[in-house]
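Please walk through this structure with attention to how its helices lie against their surroundings, asking of each one which residues are turned inward and what covers them.

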Amino acid sequence: MSELRIYSVEHDQPRVLAVYEHGKDIAAELAHIEVLFERWEANADLDEEASQDEVIEAYHESIDRLMQKYGFQSVDVVAMHPEHPGKEELRKKFLNEHVHSEFEVRFFVDGSGIFYIHRDDKVYVVHCKRGDLISVPAGYKHWFDMGSEPSFKAIRLFTSAEGWVANFTDDPIASRFPNMDEFKRERLARAG
Ligand SMILES: [Fe+2]
């Protein structure tokens, strides 16, 4: 299930302020900080081995709509799986707080990942699942966790290739938050 947890970070120690699980509520809360969140029907009949072109073709109507609305120039598909040889390195890459000069949009065709978006004295932790689309506006501090056993396929939309460079803030804030593995364990414990 998709989930949004809003934390306060006023005194360094993250404190949960609110939790939302319905797509409509998540979208409404994120709209307050100008983050776009949409639930799409990820119902294309794609198997695991689907090529980048097949994935893009399956969602081309929605992709075209976003490209026109936001002026995206290009699109690609990123896929991660637990046997990926570079998974640790790739995970570490975006696990620290950073900003981009252009905004990023991801649509989860499959699997899941967590975006942590830092605005003022709050952090918005968004557990994205199959069917979720999320944007991170330009200049917003954020980080991303795919977990130690990453499994997701996401469509990425770009306004330009250069905008993709991550500028790290050197704030260790990410280390004070539960990572994806910890959230998973917590959820399992709750489910009994
Ligand atoms: Fe990023």
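Contact here means heavy atoms within 4.5 Å, and the model to which this is applied is a predicted one. By that criterion, what covers the buried residues of helix α1 includes the strands β1 (3–8), β2 (15–20), β3 (37–39) and β7 (122–129). The buried residues themselves, in a helix that runs over residues 23–31, are Ile-26, Glu-29 and Leu-30. Because these residues cover an arc of only 95° around the axis, they lie on the same side of α1. The general background is that an α-helix has 3.6 residues a turn, so residues three or four places apart point the same way.

Helix α5, at residues 180–191, can be read in a similar manner, beginning with its length. At 1.5 Å a residue its 12 residues should span 16 Å, and the end C-alpha atoms are 17 Å apart, which agrees. The buried residues of α5 are Met-180, Asp-181 and Phe-183; they cover an arc of only 160° around the axis, which puts them on the same side of the helix. On the other side of α5, Arg-185 and Ala-189 are exposed. The elements that cover the buried residues of α5 include β1, α4 (87–93), β6 (104–119), β7 and β9 (141–145).

The two ends of α5 remain to be considered. At its start, a side-chain oxygen of Asn-179 reaches to within 3.0 Å of the backbone nitrogen of Asp-181, a residue that is itself among the buried ones of this helix. After the helix comes Gly-192, whose phi is positive, near 75°.

How values were computed:
Residues are numbered from 1 along each chain as its sequence is written. This is a predicted model: local features need pLDDT of at least 70, side-chain atom pairs count only at pLDDT 80 or more; totals for chains, interfaces and linings use all residues. Side-chain values use heavy atoms; hydrogens and water are left out. Buried means under 20% relative accessible area, exposed over 50%, partly exposed in between (1.4 Å probe, protein chains only). Helices (H or I, at least four residues) and strands (E, at least two) are DSSP runs, numbered from the N terminus. The arc is that of the directions from the helix axis to the C-beta atoms. The expected span of a helix is 1.5 Å times one less than its number of residues. A polar contact is a pair of N or O atoms within 3.5 Å; within protein, one must be able to donate a hydrogen and the other to accept it, and residues adjacent in sequence count only if both atoms are side-chain atoms.
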